[in-house]
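Trainee: Could you walk me through this one from the start? I have not looked at it before.

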Amino acid sequence: MPDGSPLSALHSIRFKGCETDILCAEDQKVLMAMEQKIHFPNPRPVRVGCRKGGCGACRVKVTKGSYTAEKSSRTHVTEEEAAEGYALACRISPRSDLELEPAFLGPRRPVENGD
Amino acid sequence: MSQEGLLRPGIIQLRVLDMDEAITHYRDRIGLDFVSQEADGRVYLKAFDEFHRHSVVLREADSAGIDFFAFKADGQEAVDGFRKRIEEYGVDVTDVAEGEMPGTGKRISFMIPSGHRIDIYADMELSETAPETHNPYVWKDEPRGMRAQRLDHCLLYGPNLPEVEKFFTEVLDFHIPERVDLPDGTLAIWMTVSNKAHDIAFVNHPEPGKLHHVAFFLEDWSDIGHAADVMTRYDISRDIGPTRHGITRGQTIYFFDPSGNRNEVFCGGYTAYKDHPTRVWDGNHVGRGIFYYERQMNDAFLSVVT
Ligand code: FES
Ligand SMILES: [Fe+2]
């Protein structure tokens, strides 16, 4: 969302392996909160790609807490994976404090042409 | 001699996660005209300066990406000729019946070694809102949004680049204005069947069938600036730009549609004739080739695809 968004409840987000926790509002996406609050020279714990749930760059596993998730590509998070807590950080908003770890898969394996 | 065989990119079919959001993006932000939505749910759009019925087809699906890219040929005879050459080369060709898309003649369809589907067709109805041809105005209705003039090209990611290059040059008569060669092989090729700097491009990538971006042509650098204003006003996810590519010399912005498919608005670019030598980039300078002002690739260029 552009500029300062209307305030909604804030939750703390912890990324595994990252020193700094960040705050994310309930009406904000976790990835955008991370982009705003963690930037150069600090390394970002999660990759930023399309920000729209299509590319899988921001794939994470939520290990603690509850969140809402908007529609995203099943190529990167299948229904079973979603049930296990996998999500795209650009498509989720917190409903409690969250702990997550990066789960970027990189390019999937080559498959036979035409299949 | 005039251009024969394949003429230009004609159709791209994209997968989108949410059709309503996609229509708002492609119609109101990029500025394409809505042509129709058909019973199977697919939505057809065209740019204001295109003559034929549609060029962009959206299909709602649970993943983003590209279904196929289609080139228009200068007649059915040419399509039949390509069919013969493709089959003789050892690639299976599938028929797509006339009317599978409204207003569109029969197509041939085949898979290329990068795992992408390419179609070729000769016939499509002229649009009811085609540009004027008799004492024409530059436009009839003022262009909307980013004022896209046409579907321009796409950049695809997949494996087997040497085979892709051989197929496009030997079987489909493309030529190669520009390429990136690394010590361990070709990273990327820009190919054209016309004299645009590129009609299609490929980057070597382990996963087949991926879309890096689909590009829409704008009139000039000032319209690129206007497009950037539209992106900020509507909070569109921007990747990089406004900037310039050293490769093709086009001026550009990369951004994303609401499903994460990368789009580009592109203007300029040199004229590429078939008798011109290929421009070659090596690994030490490719950053300037991709983004001329930044002089380095961004993190997303090589890894973010749908
Ligand atoms: S950044 Fe592309 S899916 Fe989240
Ligand atoms: Fe491009």
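Mentor: Let us begin inside chain B of this predicted model, where 40 residues of domain 1 of chain B are in contact with 42 residues of domain 2 of chain B.

Trainee: Where do the two domains of chain B run in the sequence?

Mentor: Domain 1 covers residues 6–121 of chain B and domain 2 covers 150–290, and the C-alpha centres of these two domains lie 19 Å apart.

Trainee: And how much area do domain 1 and domain 2 of chain B bury between them?

Mentor: The two domains of chain B bury about 3,200 Å² between them, and 72% of that is on carbon and sulfur atoms. On the side of domain 1, the residues that lose the most area to domain 2 are B:Arg29, B:Tyr89 and B:Pro113, which together make up 18% of what that side buries.

Trainee: How many salt bridges are counted between those two domains?

Mentor: The count between domain 1 and domain 2 of chain B is one salt bridge. B:Asp173 forms a salt bridge with B:Arg85, with the closest N and O atoms 2.8 Å apart. For polar contacts, the rule finds 14 residue pairs across the interface of domain 1 and domain 2 of chain B, with both residues at pLDDT 80 or more.

Trainee: Which helices and strands of domain 1 each supply at least two residues to the side that touches domain 2 in chain B?

Mentor: They are β1 (6–16), α1 (19–29), β5 (65–73), α2 (76–88) and β8 (117–121) of chain B. The largest share of that side of domain 1 comes from β1(B), with 10 residues. Sorted by class, the side of domain 1 that touches domain 2 of chain B has 26 nonpolar, seven polar and seven charged residues.

Trainee: Changing topic, how many residues does each chain bring to the contact between chain B and chain A?

Mentor: That contact takes 28 residues from chain B and 24 residues from chain A. The area buried between the two chains is about 1,900 Å², and carbon and sulfur atoms give 55% of it. Within chain B, the residues B:Leu17, B:Glu207 and B:Asp235 supply 22% of the area that this chain buries against chain A, more than any other three residues.

Trainee: What about charges and polar pairs between chain B and chain A?

Mentor: The rule finds one salt bridge across the interface of chain B and chain A, and B:Asp299 forms a salt bridge with A:Arg47, with the closest N and O atoms 3.9 Å apart. There are also six residue pairs in polar contact across this interface, both residues being at pLDDT 80 or more. The residues of chain B that touch chain A divide into 11 nonpolar, nine polar and eight charged.

Trainee: How is chain A itself put together?

Mentor: Chain A has two helices and seven strands, and along its sequence they follow the pattern β-β-α-β-β-α-β-β-β. Of its 115 residues, 43% count as buried. Among the contacts in chain A between residues at least 6 apart in sequence, 54% join residues at least 24 apart.

Trainee: Can you show me a salt bridge in chain A that links distant parts of it?

Mentor: The side chains of A:Lys16 and A:Glu101 meet in a salt bridge, at 3.9 Å from N to O. A:Lys16 is in the loop between β1 (10–15) and β2 (22–25) of chain A, whereas A:Glu101 is in strand β7 (residues 98–102), and the two are 85 residues apart.

Trainee: Is A:Lys16 buried or exposed, and what about A:Glu101?

Mentor: A:Lys16 counts as exposed because its relative accessibility is 57%, where exposed means over 50%. A:Glu101 has a relative accessible area of 26% and is partly exposed.

Trainee: And what does A:Glu26 form a salt bridge with?

Mentor: A:Glu26 forms a salt bridge with A:Arg95, with the closest N and O atoms 3.8 Å apart. A:Glu26 lies in the loop between β2 and α1 (30–37) of chain A and A:Arg95 in the loop between β6 (92–94) and β7, so the pair ties together parts that are 69 residues apart in sequence.

Trainee: Back in chain B, which residues are linked in a network of salt bridges?

Mentor: That network links B:Asp40, B:Arg42, B:Glu100, B:Arg107, B:Arg117 and B:Asp119. Over all chains, the count comes to 32 salt bridges by this rule.

Note on methods
Residues are numbered from 1 along each chain as its sequence is written. Chains are lettered from A and ligands numbered from 1 in the order in which they are written. This is a predicted model: local features need pLDDT of at least 70, side-chain atom pairs count only at pLDDT 80 or more; totals for chains, interfaces and linings use all residues. Side-chain values use heavy atoms; hydrogens and water are left out. Domain bounds come from an automatic or database domain assignment. Contact means heavy atoms within 4.5 Å. Buried area is the accessible area (1.4 Å probe) that two parts lose on being put together, summed over both. A salt bridge is a side-chain nitrogen of Lys or Arg within 4 Å of a carboxyl oxygen of Asp or Glu. A polar contact is a pair of N or O atoms within 3.5 Å; within protein, one must be able to donate a hydrogen and the other to accept it, and residues adjacent in sequence count only if both atoms are side-chain atoms. Helices (H or I, at least four residues) and strands (E, at least two) are DSSP runs, numbered from the N terminus. Ala, Val, Leu, Ile, Met, Phe, Trp, Tyr, Cys and Pro count as nonpolar, Asp, Glu, Lys and Arg as charged, and the others, Gly among them, as polar. Buried means under 20% relative accessible area, exposed over 50%, partly exposed in between (1.4 Å probe, protein chains only).
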